[in-house]
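Please read the following walk-through with the sequence and the model side by side. It takes up the bound ligands one after the other.

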Amino acid sequence: MIILGIETSCDDTAVALVSGSEKKCRILSSVVSSQIKVHAPYGGVVPNLAARAHLKNIRPVFEQALEKAGRPDFGLIAVTVGPGLIPSLLVGANFAKALAYAAKKPIVGINHLEGHLFANWIKNPKIKLPALCLIVSGGHTQLILMTGRGQYQLLGETRDDAAGETFDKVAKLLGLDYPGGPVISKRAKLGDKSVFELPRPMLSVRSPDNEFDFSFSGLKTAVLYQVKKEKKLSPKYVNNMAASFQQAVIDVLIHKTAEAARKYNIKSVMIAGGVAANSKLRREMKEKIKEMKIDFYAPEPEFCADNAAMIAAAACFRNKKEGNWIKINANANLKLVD
Ligand code: KG4
Ligand code: ZN
């Protein structure tokens with residue numbers, strides 16, 4: 001079956017077409033219209049501006065995705081219904097509902113986080129279970145145990161800022177552009193990670209209640225205190241701080257993921273979400289997980305960031321076929337695990 005995916009949960013307007021079954025899934029087209037220019041002056045996503053941009057972009061992005069795929073007849077519409085920014089989610093959900101009604105197609109709602117997770121399955125449809133998925137994006141940091149498709153257990157999550165959000169906030173402190181992740185990663189390559197001693201929050205928590213939880217706001221504050229001591233931030237200072245900060249985040253993410261993999265006898269580890277595009281995180285996590293003789297997966301960087309192929313892929317691998325537009329709604333706080 002051919003599935004049309006629609007994603008507007010944050011600041012990317014994305015439409016994709018995929019073809020496949022629950023066994024494998026092939027991308028026919030994937031178009032993403034970024035709103036970085038709209039939000040960069042504010043140093044973060046402004047929900048109402050995002051919704052307006054989605055409203056303007058969704059039709060042309062849809063047309064482009066259809067055109068690139070050769071205008072196939074799709075049999076299902078899969079749309080992100082949460083979690084995310086309500087003004088943004090409503091644009092995609094409304095567009096998808098109208099399309100489903102007009103074209104008389106079935107429609108299903110997809111959890112954005114499940115989309116990130118299934119981005120890993122597009123290239124590797126036979127990932128062995130139980131698997132662990134570290135979702136690290138602008139809005140989420142979660143460690144999820146996957147025992148089956150649709151069967152998830154939340155092992156831990158951030159108690160405050162998400163990993164990507166911390167990259168964005170620290171970039172702002174260093175006078176760097178939005179989004180912070182790509183630019184910090186670039187500057188870190190020019191710096192020395194051992195110049196600043198920064199905390200590794202919650203690294204040694206042993207209580208079963210929260211051993212896999214994260215906390216990044218203290219790390220951000222530690223950077224703030226250091227930065228405040230400087231009159232002017234030299235390029236060298238910024239490079240060294242970017243490298244030291246990035247390493248602190250990576251150390252925590254790898255340590256917690258490896259510990260959880262050990263505890264739950266995991267066969268495969270996946271990473272997903274915008275921060276999973278970070279080349280140092282990918283390299284070091286792969287090394288650690290392979291050392292433990294566990295399979296490791298990460299989507300291509302373009303499918304780590306928000307896209308609609310992952311939304312259609314989630315519908316594909318979950319074998320979704322039926323759904324009524326009346327039931328589709330948007331939920332900013334939609335959970336992957338109840
Ligand atoms: O998954 P995503 O595209 O959107 C959300 O669902 O939030 O993630 C966006 C986040 C931003 O915070 C951005 O700074 C971060 O991912 N990011 C990165 C990198 N590329 C994007 N963080 C670290 N290193 C990167 N290379
Ligand atoms: Zn996302």
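How far does a backbone N or O atom of G139 lie from an oxygen atom of ligand 1? In this predicted model, the distance from that backbone atom of G139 to the ligand oxygen is 3.4 Å. For the neighbouring entry in the sequence, G138, a backbone N or O atom is placed 2.8 Å from an oxygen atom of ligand 1, while D168 contributes a polar side-chain atom that lies 2.7 Å from an oxygen atom of this ligand. Taken alone, ligand 1 would expose 550 Å², of which the protein buries 86%. The surroundings of ligand 1 comprise 21 residues, and the closest of them are G138, D168, G181, G274 and N278.

The zinc ion, ligand 2, has its own set of protein donors, namely H112 and H116, each through NE2, and D306 through OD, at 2.0 to 2.1 Å from the metal. Along the chain these donors follow the spacing H-x3-H-x189-D, and the pair formed by H116 and D306 links distant parts of the chain, 190 residues apart. H116 belongs to helix α4, which covers residues 112-118, whereas D306 sits in the loop between α10 (301-304) and α11 (309-317). Both H116 and D306 are buried.

What is the geometry of the site of the zinc ion? The angles among its four donor atoms run from 94 to 148°, and because four donors count as tetrahedral only if all angles lie between 85 and 135 degrees, the site is classed as irregular. For comparison, the ideal angle for four tetrahedral donors at a metal is 109.5 degrees.

Notes
Residues are numbered from 1 along each chain as its sequence is written. Chains are lettered from A and ligands numbered from 1 in the order in which they are written. This is a predicted model: local features need pLDDT of at least 70, side-chain atom pairs count only at pLDDT 80 or more; totals for chains, interfaces and linings use all residues. Side-chain values use heavy atoms; hydrogens and water are left out. Donors are N, O and S atoms within 2.8 Å of the metal (3.2 Å for Na, K and Ca); water is not among the atoms, so sites may look incomplete. Four donors count as tetrahedral if all angles lie between 85 and 135 degrees; four count as square planar and six as octahedral if opposite donors are over 155 degrees apart and all others between 65 and 115; anything else is irregular. Helices (H or I, at least four residues) and strands (E, at least two) are DSSP runs, numbered from the N terminus. Buried means under 20% relative accessible area, exposed over 50%, partly exposed in between (1.4 Å probe, protein chains only). A residue is near a molecule or strand if one of its heavy atoms lies within 4 Å of it. A polar contact is a pair of N or O atoms within 3.5 Å; within protein, one must be able to donate a hydrogen and the other to accept it, and residues adjacent in sequence count only if both atoms are side-chain atoms. Accessible areas come from the Shrake-Rupley method with a 1.4 Å probe; for residues, only the protein chains shown count as cover.
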